[in-house]
Amino acid sequence: MRRALAVIAILWLGLAPALAEVQLADPRQEQRARDLSREIRCVVCQSQSVADSDADIAKDVRAIVREQIAAGRSDQEVRDYLVARYGDFVLFDPPFKASTYVLWIGPFAILLVAGIGVALFFRRRAAEPARIAELDSEERERVARLLDGRKDGA
Amino acid sequence: MRRLLYLLPIAVVAILVALFWIGLDPERDKSMLPSALVGKPAPAVDLPALAEGAPRLTLDSFKGQLVAINFFASWCLPCRAEHPVLKELTTELGIPVIGIAWKDKPEASRAFLAELGDPYAATGTDESGRTGIDFGITGIPETFLVDANGIVTYRFAGPLSPEALSDVLVPAIREAKK
């Protein structure tokens, strides 16, 4: 009984931040607000979205998102509102523009360069495959001699 | 051409070293994000005054001069620490400082200023924290410089120390006055 109560208490704690907030009456608007909150970074907690964070300022931003959606703003308008104040940093998906080209293209460019390097390496290896296999007569004799010697020694 | 190819891994490592060098700099403060507001007009401020009976706080009455805007609260310990520096900013450098009590009960902010002294030319209360978000603050204390044309020229996040005042804020003020 006690354990059951403890489990319920812990589950309740997990739900508390979400339940404590005033939600929008229209479930579709509420869903939009929640989806949008997931792509907005909590500016004080580095790698958490505003939807996941229990920080005070994250609560405020969630309230602002709800308020603006209730006022009929589009998702993009809400994003613009926050970017004007906190910069692109506030979005988990930074926009594709000159200052973020390295961010978006960089990994693919590195992959491409690495791929070319690997391809060159294997092509070169394929171009000179027979080198090890072919021994001249002198070498063959040496090998034979060495193998013989081992037999004797053993 | 082939020689150049051999240099490629070294170049890649050099770039990575440079990135890590910057990224792992212990002096680098992750909270010092470049403010999106710098170079833009200061957000509108229209807040109830902290002092009872005083007119509402707006930036209009400070147009035409360089001002500092400081977000503080009585519950904020670093605000207490930076308090003497704010006084210095007004008395030594002659920059009016506008105080905005962020998410604080007005009685508590008033008691805070009564205890430590009031360095502010004018003070407003932002109980909802909405004006703070308009300024893009991530916490308090934060201090902004707004030039004579109402443009935000500088943002300082965190408590102002005497060193920060002389090394960072004073040059920023000089720049803003140009």
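Which residue takes a positive phi in the hairpin of β6(B) and β7(B)? Select that hairpin, which has 5 residues between its strands, and you will find that B:Gly150 is the residue with a positive phi near 80°.

Before going further, note that this is a predicted model, in which local features need pLDDT of at least 70, side-chain atom pairs count only at pLDDT 80 or more, and totals for chains, interfaces and linings use all residues. Residues are numbered from 1 along each chain as its sequence is written, while chains are lettered from A and ligands numbered from 1 in the order in which they are written.

**Stop 1: the sheet of chain B**

Select the strands of chain B, where helices (H or I, at least four residues) and strands (E, at least two) are DSSP runs numbered from the N terminus. An open sheet of 5 strands appears in the order β5-β4-β3-β6-β7, with mixed pairing; two strands pair if DSSP finds at least two bridges between them. The edge strands are β5 (122–126) and β7 of chain B, each of which pairs on one side only. From one strand to the next the twist averages 20°.

**Stop 2: β3 and β4**

Now select residues 67–72 of chain B, which form strand β3, together with residues 97–102 of chain B, which form strand β4; these two pair in the parallel sense over 5 bridges. Along this pairing, B:Ile69 stands opposite B:Ile98 in β4(B), and B:Phe71 stands opposite B:Ile100 in β4(B).

Is β4(B) enclosed or open? Because 6 of its 6 residues are buried, β4(B) is largely enclosed by the rest of the structure. Here a residue is buried if 20 or more other C-beta atoms lie within 10 Å of its own, exposed if 12 or fewer, and partly exposed in between, with C-beta atoms placed from the backbone. In a regular strand the side chains alternate between the two faces of the sheet. Both faces of β4(B) are covered, with B:Val97, B:Gly99 and B:Ala101 buried on one side and B:Ile98, B:Ile100 and B:Trp102 buried on the other.

**Stop 3: β6 and its neighbours**

Move to β6(B), residues 142–146, which runs antiparallel to β7(B) and is joined to it by 5 bridges. Another 5 bridges join β3(B) to β6(B), and this pair too is antiparallel. The residue B:Phe71 has B:Glu142 as its bridge partner in β6(B). Towards β7(B), B:Phe144 stands opposite B:Arg155, and B:Val146 stands opposite B:Val152.

Since 5 of the 5 residues of β6(B) are buried, this strand is largely enclosed by the rest of the structure. Its faces are both covered, with B:Glu142, B:Phe144 and B:Val146 buried on one side and B:Thr143 and B:Leu145 buried on the other. Strand β7(B), residues 152–157, is mostly covered, for 5 of its 6 residues are buried.

**Stop 4: a helix residue of chain B**

Select B:Arg80, which lies in helix α2 (residues 77–91) of chain B. With 16 C-beta neighbours inside 10 Å, B:Arg80 counts as partly exposed. If you also select B:Pro141, you will have two residues that are 61 apart in sequence and 9.4 Å apart in space, C-alpha to C-alpha.

**Stop 5: two helices of chain A**

In chain A, select helix α2 (residues 27–38) and helix α3 (residues 56–70), whose axes come within 9 Å and cross at roughly 140°. The axes are lines fitted to C-alpha atoms, for helices over the stretch in contact, and angles run from 0 to 180 degrees between N-to-C directions. That crossing makes α2(A) oblique to α3(A), given that angles under 35 degrees count as roughly parallel, over 145 as roughly antiparallel, 65 to 115 as roughly perpendicular and the rest as oblique.

The contact is made by A:Gln29, A:Arg32, A:Ala33, A:Leu36 and A:Ser37 of α2(A) and by A:Arg62, A:Val65, A:Arg66, A:Ile69 and A:Ala70 of α3(A), where contact requires C-beta atoms, placed from the backbone, to lie within 7 Å.

How values were computed: Two residues are in contact if their C-beta atoms, placed from the backbone, lie within 7 Å.
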